[in-house]
Amino acid sequence: MRTRTHRRGFAALSAAAAVLMASGVSAAQQSPALPAFDAEFLWGVASSGFQSEGRAPDSNWSRFIAAGGTADPYRDSVDFARRYISDIDLAARLGVRVYRVGIEWARLQPAPHAWDEAAFGFYDNVIARILAAGMRPMLTLDHWVYPGWALDRGGWRNPGMVEDWLANMRKVVGRYASRDPLWVTFNEPAAYVGTELRTGGIGVDEAPVMLDRIALAHNEIYDVIHGYRPDALVTSNLGYVAGAETEVNQPIVDRISAKLDFIGVDYYFAPLPQTGESAQGGAEGGSAMWELPVHPEGIYYALRHYARQFPWRPLYVVENGLPTENGQVRPDGYSRADHLRDTVYWLQRAKADGMNVIGYNYWSLTDNYEWGSYAPRFGLYTVDVLTDPTLARRPTDAVDAYVRLIRAGGVGPDYRPTRAPLPCVRIDAPDTCAGDDPA
């Protein structure tokens, strides 16, 4: 995750909000009771390969870090590569049904025509452990990291990058399709492009070409996956940008919409109230992640945005969480447990209002390397990478909250959010907010 900001007509939105508030239409209007999610709902946790594994092989990101492009050194992150058994056990004890992990291309293919069988063996063991613990793996094929040799060839500037990418991913799919995972082809494609711009992987004029190449690769590997398993569930999760979603993500959605079995949505932040800039991921040249505005009711509007566009597709929140600064109390006083409960309330509202929400992953099981820094903490379990050589996993208040939510199928029928929700037009764009707020 990483921030890109997008301006919108905030003055117009504020005026519209005033009209709505004067008319008494508000997201604060509540239904009398909420049904719980049934036993088929896919509660989950999420992680990525590079951000958590440690022992990073040669890649675009290891080189960017070595060149001094980040605030913190990588070290071995939270060392998932050696601690995956205990981490998977932590997830299983939560009661989740899905564990999202990344399958790192740079680890599997250290040279253009050479694959590392020991690296495949590592992922064999991870996936087997997830299955043995009673969970379903969700496998991410590309979470913004590619081999150093691919960077030497030009990365996403290189017309051959698509075929290089597919050569590896065909092997991954062939090896793991029988495990019936949920599949994520590319993590947040628009944010991936933005990250490549930030790290120098592409220039501004090359961004549309990179997006086209991602779409080509997604559409091709989608067919490969379905060749192995016609009933497979495949997505490319969208990093929802409240206030600018159509501007940011619709171009990739238009290119891959025919080959999405479910709509994967990541949701974190609302726009900055002072400027109307929309934030995606974390802060870049502005507010820190933990200072960005958080309005969990926004997840309802995000899901509604895609439910209207794809009324027959299932919706899955692939990532959602709350950042803190090094595990400290947030400036706004919002606790991780309260944010989690409030978010689940709005997921239940979405389901009750007819949206086909099938799953929710918390980002993330443990703290990890947030693309250059260990200061932003999202983990259910916090890990002090820079100060604790034991890398102990310490539970936050959200661990017990998540266990209780999963057991109960959500919040109780009389639960109300800890913070009064705002009308949609205060925290999202007019095209998303068309129609009534939830009543």
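The following paragraphs lead through a predicted model, from its sheet to several individual loop residues.

The sheet offers a starting point. Strands of a sheet pair through backbone hydrogen bonds, in either a parallel or an antiparallel manner. In this model, 9 strands form an open sheet with parallel pairing. Read across the sheet, the strands follow the order S6-S5-S4-S3-S2-S12-S10-S8-S7. The edges are strand S6, residues 233–235, and strand S7, residues 238–239; each of these two strands pairs on one side only.

Within this order, one pair may be examined in detail. Strand S2, which covers residues 42–46, pairs with strand S3, which covers residues 98–102. Their pairing is parallel and extends over 2 bridges. Across this pair, Val45 stands opposite Tyr99 in S3. A helix also packs on the sheet: helix H14, residues 397–408, touches S2 and S12. The direction of H14 makes an angle of about 155° with that of S2.

Strand S12 leads on to the backbone of the loops. This strand spans residues 357–363, and the loop between S12 and strand S13 (376–377) contains Ser364. The peptide bond that runs from Trp363 to Ser364 is cis, and its omega is near 5°.

Two further loop residues have a positive phi although neither is glycine. For Ser77, phi is near 45°. Ser77 lies in the loop between helix H3, residues 60–66, and helix H4, residues 80–94. For Asn326, phi is near 50°. The loop that holds Asn326 runs between strand S11 (324–325) and helix H13 (336–352).

Are these two residues buried or exposed? Ser77 has a relative accessible area of 1% and is therefore classed as buried, since the cut-off for that class is under 20%. Asn326 has a relative accessible area of 37%, so this residue counts as partly exposed; the value falls between the limits of 20% and 50%.

A last loop residue to consider is Asn158, found between helix H7 (148–152) and helix H8 (161–176). Its relative accessible area is 16%, so Asn158 is buried. Which residues does Asn158 contact, once its neighbours within four places in sequence are left aside? They are Arg153, Asp164 and Arg213.

Technical notes:
Residues numbered from 1 in each chain as written. Predicted model: local features only at pLDDT ≥ 70, side-chain atom pairs only at ≥ 80, totals over all residues. Heavy atoms only, no water. Helix = DSSP H or I, 4+ residues; strand = E, 2+ residues; numbered from the N terminus. Buried < 20%, exposed > 50% of the residue type's maximum accessible area, 1.4 Å probe, protein only. Pairing = 2+ DSSP bridges. Contact = heavy atoms within 4.5 Å. Axes fitted to C-alpha atoms, helices over the stretch in contact; angles between N-to-C directions.
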